[in-house]
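Work through the exercises below with the sequence and the model open side by side. Each task is followed by a solution in steps.

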Amino acid sequence: MTKRALTLISVIVPVFNEERLLPEAIASIRRQDDARVEIVVVDDGSTDGTPELLERLRREPGAPLRIVRQDNAGPGAARNAGAHAAHGEILAFLDADDLWSAGWLRTVRTLLAADPGALVVGHTSVVRGADPWRPDSGWNPPEPPGLAFVFAAMALARATFEAIGGVDASLRFGEDLAFSMVARERGVPIVVVPETTHFYRLHGRNSVNGRSLKELNVMRVLHESLKRRASRDGGATAALPPVRRPGAPGSAR
């Protein structure tokens, strides 16, 4: 077996007051068909039963789970803390209320073996709660997948994460879009997996519920990207490199 085949993948899970759905997120990681995985959960100052739940999940069989605790600082800071504590050469991310499809980490490992400097991005399917305020009421079927640059659908080498500069911890929202924009500006290859790899679960307590594009920092992130590109090109805004699908002869925008 090659050294690359033994590369450890660290899955970073930021959590803030999500004891209801966190066990299912952890289970979806432990169901991945990959033997070299560690889970790093960053408890971002939870005040519900999350700390006690994490101790129970840590003792359950499957991929080892380590716990990092910090005062509440937002998901960006939590992801940076998880990356700092992680032992893996590959970093993947999952939110505490979401799920992965089976085989996602195997796909990540294969694609990064072929292109170690890439940012691998999967497709996201939204799943709506039958009753958003009752997670025990069941879930509607997944909606058609779409490409969304969210951390739970991203994975990359630790070295690439560090070269990008980590996550902008000043952003409570939009930090995943900002990270992907900086990656593209710096010429990091973006490899898009066409299948659904990430299930984003909409329920009554999603942090983005009811927030405007301004509150989600979408326009701010795009404006800052345009400013950076213009400042490097004498006032002319440089185009971003295209993204590509694995195995495709060309590229997909």
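The exercises go from the whole chain to its cores, an aromatic pair, a helix, a strand residue and a pocket. The model is predicted.

**Exercise 1. The chain as a whole**

Task: State how many helices and strands the chain has, and what share of its residues is buried.

Solution.
Step 1. The secondary structure consists of 7 helices and 9 strands.
Step 2. Of the 253 residues in the chain, 49% are buried.
Step 3. Among contacts with a separation of 6 or more, 77% join residues 24 or more positions apart.
Step 4. The exposed area of the chain is about 11900 Å², and 56% of it comes from carbon and sulfur atoms.

**Exercise 2. Two nonpolar cores**

Task: Find the elements that each supply at least two residues of the largest nonpolar core, and name the one with the largest share.

Solution.
Step 1. The largest nonpolar core holds 32 residues, and V11, V13, L22, I26 and I29 touch the most other members.
Step 2. At least two residues each come from β1 (9–15), α1 (22–30), β2 (37–44), α2 (50–59), β4 (90–93), α4 (104–114) and β9 (190–202).
Step 3. Helix α4 gives the largest share of this core, with 5 residues.
Step 4. For a single member, take I29: beyond its neighbours within four places in sequence, I29 contacts V11, V13, V37, I39, L94 and W100.
Step 5. A second core, separate from this one, has 25 residues, including A83, A86, F149 and F179.

**Exercise 3. An aromatic pair**

Task: Describe the geometry of the pair formed by F151 and F179, and decide whether F151 is buried or exposed.

Solution.
Step 1. The whole structure contains 4 aromatic pairs.
Step 2. In the pair of F151 and F179, the ring centres are 5.1 Å apart and the planes make an angle of 50°, so the pair is tilted, which applies to angles that are neither under 30 degrees nor over 60.
Step 3. F151 lies in the loop between β7 (146–147) and β8 (154–157), while F179 lies in helix α6 (residues 175–185); the two are 28 residues apart, and the pair links distant parts of the chain.
Step 4. The relative accessible area of F151 is 1%, so F151 is buried. F179 is also buried, at 3% relative accessibility.
Step 5. Ring pairs join F151 and F179 with F93 and F161 in a cluster.

**Exercise 4. The buried residues of a helix**

Task: List the buried residues of helix α3 (residues 75–85) and the elements that they pack against.

Solution.
Step 1. The buried residues are G76, A77, A78, R79, G82 and A83.
Step 2. These residues of α3 pack against strands β1, β2, β3 (65–70) and β4, and against helices α5 (158–164) and α6.
Step 3. A83 also appears in the second core.

**Exercise 5. A residue in a strand**

Task: Classify I67 by its relative accessible area and list its contacts.

Solution.
Step 1. I67 belongs to strand β3.
Step 2. Its relative accessible area is 22%, so I67 is partly exposed.
Step 3. Outside its neighbours within four places in sequence, I67 contacts V41, L54, E55 and R58.
Step 4. The C-alpha atoms of I67 and E55 are 8.3 Å apart, and the two residues are separated by 12 residues along the chain.

**Exercise 6. A pocket**

Task: Identify which residues lie closest to the centre of the second largest pocket.

Solution.
Step 1. The second largest pocket has a volume of about 220 Å³.
Step 2. Its lining has 14 residues, of which D168, L171, A178, V182 and R228 are closest to the centre.
Step 3. Helices α6 and α7 (218–232) each supply at least two residues of this lining.

Key: Residues numbered from 1 in each chain as written. Predicted model: local features only at pLDDT ≥ 70, side-chain atom pairs only at ≥ 80, totals over all residues. Heavy atoms only, no water. Helix = DSSP H or I, 4+ residues; strand = E, 2+ residues; numbered from the N terminus. Buried < 20%, exposed > 50% of the residue type's maximum accessible area, 1.4 Å probe, protein only. Contact = heavy atoms within 4.5 Å. Areas by Shrake-Rupley, 256 points an atom, 1.4 Å probe, with all protein chains shown as cover. Phe/Tyr/Trp six-rings, centres within 6.5 Å; stacked < 30°, edge-to-face > 60°. Core = buried A, V, L, I, M, F, W, Y, C linked by side-chain atoms within 4.5 Å. 1 Å grid on protein atoms, 1.4 Å probe; cavity = no way out; pocket = protein on both sides within 12 Å on 5 of 7 lines; lining within 4 Å. Points joined across faces, edges and corners; volume = space filled by probe spheres on them.
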